[in-house]
Every structure is written in C-alpha cells, then in structure tokens.
Amino acid sequence: MSAAPLLEVRNLRVEFPTRRGVLTPVDDVSFTVERGEILGFVGESGAGKSMTGAAIIGLIDPPGRIAGGEVVFDGTVIGKDAAALRGKHIGMVFQDPLTSLNPLKRIGDQLAETIRLHLDVGAAEARKRAARSLEEVGLDPGRLDAYPHEFSGGMRQRVVIALALAAEPELVIADEPTTALDVSIQAQVLGVLKRICAERGASVILVTHDMGVIAETTDRVAVLYAGRLAEIGPTADVISNPRHPYAQGLIASTPTVEDAAQDGELYQIPGSMPRLDAIPPGCAFHPRCAHAMERCRRERPPMLEGRAACWLLAEEGA
Amino acid sequence: MSIVEARGLTRRFDLSDPWVVRMLTFRKKRILTAVDDVSFSIEKGTTYALVGESGSGKSTIARMAVGLLAPSAGTITIDGTNLNDPALDPATRTALRRRIQMVFQSPYASLNPRWRVGAILAEPLHAFGLAAGRETARVAELLEQVGLSETDARRFPHEFSGGQRQRISIARALASEPDFIICDEPTSALDVSVQAQVLNLLKRLQRELGLTYLFITHDLAVVATMARRIGVLQHGKLVEEQDTIALFAAPRDPYTKMLLDAAPRLHPASATGR
Ligand SMILES: Nc1ncnc2c1ncn2[C@@H]1O[C@H](COP(=O)(O)OP(=O)(O)OP(=O)(O)O)[C@@H](O)[C@H]1O
Ligand SMILES: Nc1ncnc2c1ncn2[C@@H]1O[C@H](COP(=O)(O)OP(=O)(O)O)[C@@H](O)[C@H]1O
Ligand code: SF4
Ligand SMILES: [Mg+2]
Ligand SMILES: [Mg+2]
C-alpha cells in the first residue's frame, strides 16, 4: 500500500453553457480518497453530488464539460482517457438497479462478460469469479443462472454491486445506491460496501442525501452546497462538531430514532437550495445563514483549516 | 376519546388470471391479502403512525380510511359512523367526506398542473359549499396558514419547489375544515431541511386546529417526534402497537426490533454501527 491517496481531485469545475449564461454545478471542489476508505458526499438535492461523481469518471453529458481542475487517479492525471478506467479500475453503482442490468440475460452471463471485458481470463475462470463476486455481496452463487426479475429490489441492487466489483476495481462510486430500498435491505447493501473496503482495501465514494447513512457507513464526509464544498472531515467529527452552518443545519434537521423521547420541533433551515442560475454572490449559503456577516455577502470564503469554507473559522482564528 | 376506529380491517386483491385462462391452464385462483385483520384507534387531536416496509399495506389502509377503497372485511368508523356503510344517506356521506382529507407523497402528481393554486384551493370550498361569497379571502387565509402568501394564489403548481407544493397540498386538505387528515408519506420526496419545515408545519396545525392525523411512513425516524402511538405493519398484519416512547425503548416484536436496528443513526457508536 502506498502512502499517496488513491484519488486526488483538485479545484474541479464543471460548466454547462446555456443561452442564459454559463451554469456551474461543480465549482472549485477539491478532496482526496485514501486507499481502503469510504468517503461520503452529502447535501440536499441539487448540491452537485452526482455531478461531482460523474465528473471523476468523465461521464458529464454534453454540452457540459470539465472546465477546470484535475483528477489524479493512482498517481496519473486522468483526462480524455477516463473511459479506459471505467469498469476496470473504477466501478459504478447507480440508484436504479434496472438501468444497469440487462433484463434478458442471466446474471451469471452478465457478470462473466464484464469480467472478461476487463481481465484476461478464460470462460471457465470468468464463471468461477462471477460466482465468487455473488458470494461477496451475500448472494447464493447457485443463482448464477437466474434472470434479474427473479430477484427482489435489494438483491438486484446487490447484483449491480457485484457487477461493479467484478473486475476488482480499486474505487467504487456508488450514487444513492440504497435510496429506493427498505431500511433492512439498505443495511445489507451498505454492509457489502463496508466489507469490500475492509477485505480488499478498495475505496468507495458514497453519494447520499441521508446523514444517517453517512454516519453509519463512511470514514470521512464531504458536505456539498450549491456545487461547492462546504465542509470536509472525519465523519464522527463532522457530525458531532460541524463547523459550517449548513452542515450544522443539515445535521440538526435530520430526524433520527434517537430522538424518540423528545416532543420538540425539528430544527429547520430557512429557505432552500438556490438554482444554478441564481447562486448568491460571496458565500452561496448566506441568504439562509443565521450567522451571515457583511463579508459573507461579498467574498466567497476559502476552505479554512482544511475543514470548512466559512468566514466564521477566520473570525475564531483571529 | 377516540375519533377513528379500525376494526378487523381486511382487504384482499384478486391477482388470478381471467376465468377462461384458469379453466384452460388449471391454475388456481391467487388472492393477495394486502391488509389482514388490522385494528387500531386514534385519539382525537393526536397522531397515530403506521410504519412498515414497501408493500406492507400502508397505502391500502390509507385508501380505505379515506373511503377510496372498500374493505373486504371489517370496518373503519369516524365518530362512530362507518364510512363504507352502503345504507349511509348521501348527505351524511358528504358530511363525513368533508371531515376526512388526505395528503399524498407526491405533491407533483396530486395537484392539477393546469389550475392556478387559487382554483385548486377553492375547489373543495365549492364542493362542500364552504366560505360562500368569501372564497378569495378564505384562500388567502389558507395560504397564510401553511406559510405561503396571498399572491401565490395566482401561480401554477410547477412554479413552486417540492416543499412548497406539499404546503399547497396541505392547504387544500385544510380547505374543507377537516378534523382527520391521512398523510401518506408526506415528506418522502423531500430533502431533510424541507422535510423538517413540513413536519413542523403539520405539528403546528395540529396544535392550532386540534387535528387528528394518521401518519403513514416507512421511516421510523420521521415519526419519532411526531406520533403519540405507532403501529408496525408487516405483510398486511399489525405485528406491534405501542405508545411511541415505549416502542422505541422496548420494542416487543422481532420485526420492530429489526426495523429499529436497521434505521441509520447519527451517533452509531451508541448502537451497533461502525
Ligand atoms: N389495486 C391493487 N391490485 C392488486 N394488488 C394491490 C393493489 N393495491 C395494492 N396491492 C398490493 O397490496 C400490497 C400492499 O400495497 P400498499 O400499496 O398498501 O403497500 P405500502 O405499504 O403502501 O407500500 P409502499 O411503501 O411501497 O408505498 C402490495 O403487495 C401491493 O402490490
Ligand atoms: N444536464 C444538465 N444540464 C444542466 N444542469 C444540470 C444537468 N444535470 C444536472 N444539472 C444541475 O446540476 C446541479 C447539480 O446536480 P446533481 O449533481 O445531480 O445534484 P445532486 O446529485 O446533489 O442532487 C443541479 O442544479 C442540477 O439541476
Ligand atoms: S461564510 Fe458567512 S454566510 Fe457563509 S456559512 Fe459562514 S457565516 Fe454563514
Ligand atoms: Mg444525485
Ligand atoms: Mg404506499
């Protein structure tokens, strides 16, 4: 295991030219993913979570484009060759399992095909590995010859994960992989992701809007707001001591089963996520922030103390 | 005093092939019991939550409670009157309909996109002959009550965010001056911060108007601070029912325990997580 991070994203910027001007769904986002860790992306809908994940693997729909920054995977800058990494080095899991599975093909054949596409192995070996990857996600390898419709939603999502893992990628990007699932099945799927990190030293980027899922699953978390990184840090730290007011609000407004005895109101952040064509100047969060100062309305806060992009940290430091 | 009473509520669906096909293929009739002998009662002015995973029968109960679907067996009564009693005279039925309203999961689907918000809110007023001659004032009052403004009456549903659309659905439910509102996953499609706004609104309205809620959700966390009492549904059966605090402190049924354990926590160190 080398000391350098597996993935390093520096000042990533994604732009969509439109008739009314350029929209920037990802704006100057930097982070690293260490080997064997789970990094979470959290934020409300429209925060830019999916777009950031897609940009890493070069899957931005035109006319959108990466307009700045760089993505370094395992020591090499990736650019136009991102496609070559997909599947083999970086696996992907999306929210809807049906879009990733071919309904007309047995799952064993789909797995074996993916394996042979990326690894130099024969048919028999591919089938053996396909069985092993089913086992890895807690499915009966005896069901290699089943069709997708013979599985429940949670099982299908695990097949999709098996497919993403089949070529033994170093990084898996999972975008809301459990959002459509019941909690019991969600727990199984998240368990699989944790296990592949622990057992194989693979890394995972887990995209979710659910703070509880972040708390249960990730090592570090990046909180996104309006296409920008609001806060990043070790998950337990960020949840028990969030420094950015948006992260504070997001955590305080999350209802949890731990609150059962309380009868109070939930904390609520006023307002809602701005649209891309109306991102406020300065700190994008300032119209919703109870601590907003004059400076916040004018100047965009940089990431301070490697933790949060908020002027309050500068005040505390001063 | 309980206002809503479900007794032995049951709903079966016939999933069989058509009769002719069955005769040719010798396949048996297939009956799905979506709701199986469910009984509960709701105290006036409180929230009763029905919690269960997908397909457990929650929405089927909601549709029976609001009179959209007839039970195969059992009854649901509001203040002692059976909604599905065929002998009910039309005037009593209309009066009862007015008192029971529903808020759905998808605020997109449940609001007519071609109507302005003002018309959407005025419709129940006309249907039940309420606020005659002062509809505009009443619509403004309803919008205010859910935290929107009078001028929003002129706009169309698509001009609002998801959370605001859910406020409009709530305002529409309030228009007929109900005492009982069934909320079927009212915040499942919303972001947490917006969900908090809507849950707080529902709580405030309950306090101010003395409303009774049947709150349906797959998410135990959402009702932890909302409900007085919780019923847990599994495969159409009520497997456990307790006051909220007792249920979270000491779940009795293994299925409830599993649901509680699987619910993500913000501070997993205190539980079983990583
Ligand atoms: N009109 C119908 N015809 C046939 N089966 C039905 C019908 N309505 C519901 N069902 C079945 O009844 C069962 C319960 O459905 P219901 O919609 O009440 O579930 P739910 O608990 O609301 O689930 P979800 O959380 O997914 O909304 C399911 O198996 C469903 O497929
Ligand atoms: N094809 C597209 N063209 C223009 N804007 C887009 C496109 N896809 C997404 N967006 C916008 O980019 C922003 C970030 O989107 P996304 O990454 O999907 O957010 P999240 O996953 O956090 O909900 C949103 O404002 C969204 O509307
Ligand atoms: S920079 Fe200012 S407006 Fe932005 S989060 Fe910090 S205090 Fe609030
Ligand atoms: Mg997304
Ligand atoms: Mg339902």
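Tutor: A residue counts as buried when its relative accessible area is under 20%, and as exposed when that area is over 50%. Please keep in mind that the structure above is a predicted model.

Student: Is B:S56 buried or exposed?

Tutor: B:S56 has a relative accessible area of 4%, so this residue is buried.

Student: Where in chain B is B:S56 found?

Tutor: B:S56 belongs to the loop that runs between β3 (47-52) and α2 (58-65) of chain B.

Student: Which residues is B:S56 in contact with, leaving aside its neighbours within four places in sequence?

Tutor: The contacts of B:S56 beyond those neighbours are B:A34, B:L233, B:Q234, B:H235 and B:G236. In addition, a polar atom of the side chain of B:S56 lies 2.7 Å from the backbone oxygen of B:E53.

Student: May we turn to chain A? Is A:G21 buried or partly exposed?

Tutor: A residue with a value between the two cut-offs of 20% and 50% is called partly exposed. A:G21 has a relative accessible area of 28%, so A:G21 is partly exposed. Its place is in strand β2 (residues 21-33) of chain A.

Student: How many residues apart in sequence are A:G21 and A:L224, and what is the C-alpha to C-alpha distance in space?

Tutor: A:G21 and A:L224 are 203 residues apart in sequence, and their C-alpha atoms are 23 Å apart in space.

Student: Let us consider whole chains. How many helices and strands does chain B have?

Tutor: Chain B has ten helices and ten strands. Its radius of gyration is 20 Å, close to the 19 Å that the globule rule gives for 274 residues, so chain B is as compact as a globular protein of that length. The C-alpha atoms of chain B fill a box of roughly 60 × 60 × 40 Å along the principal axes.

Student: What does the secondary structure of chain A come to?

Tutor: In chain A there are twelve helices and ten strands. The radius of gyration of chain A is 21 Å, which agrees with the value near 20 Å for a compact globule of 318 residues. For the C-alpha atoms of chain A, the box is roughly 65 × 50 × 40 Å, again taken along the principal axes.

Student: What share of the residues in each chain is buried?

Tutor: Buried residues make up 53% of the 274 residues in chain B, and 53% of the 318 residues in chain A.

Student: What do the contacts say about residues distant in sequence?

Tutor: Of the contacts in chain B with a separation of 6 or more, 66% are between residues 24 or more positions apart. For chain A, 64% of the contacts between residues at least 6 apart in sequence join residues at least 24 apart.

Student: How is the size of an interface given?

Tutor: It is often given as the accessible area lost when the parts come together. Here chain B and chain A bury about 3,300 Å² between them, with 57% of it on carbon and sulfur atoms. In this interface, 33 residues of chain B are in contact with 42 residues of chain A.

Student: Which residues form the salt bridge across the interface?

Tutor: The rule finds one salt bridge between chain B and chain A. A:E265 forms it with B:R207, and the closest N and O atoms are 3.7 Å apart. The count of residue pairs in polar contact between the chains is nine.

Student: Which helix gives the most to the side of chain B that touches chain A?

Tutor: That helix is α7(B), with ten residues. The residues on this side of chain B divide into 18 nonpolar, nine polar and six charged.

Terms used. Residues are numbered from 1 along each chain as its sequence is written. Chains are lettered from A and ligands numbered from 1 in the order in which they are written. This is a predicted model: local features need pLDDT of at least 70, side-chain atom pairs count only at pLDDT 80 or more; totals for chains, interfaces and linings use all residues. Side-chain values use heavy atoms; hydrogens and water are left out. Contact means heavy atoms within 4.5 Å. Buried area is the accessible area (1.4 Å probe) that two parts lose on being put together, summed over both. A salt bridge is a side-chain nitrogen of Lys or Arg within 4 Å of a carboxyl oxygen of Asp or Glu. A polar contact is a pair of N or O atoms within 3.5 Å; within protein, one must be able to donate a hydrogen and the other to accept it, and residues adjacent in sequence count only if both atoms are side-chain atoms. Helices (H or I, at least four residues) and strands (E, at least two) are DSSP runs, numbered from the N terminus. Ala, Val, Leu, Ile, Met, Phe, Trp, Tyr, Cys and Pro count as nonpolar, Asp, Glu, Lys and Arg as charged, and the others, Gly among them, as polar. The radius of gyration is taken over C-alpha atoms; the globule rule is 2.2 Å times the number of residues to the power 0.38. Buried means under 20% relative accessible area, exposed over 50%, partly exposed in between (1.4 Å probe, protein chains only).
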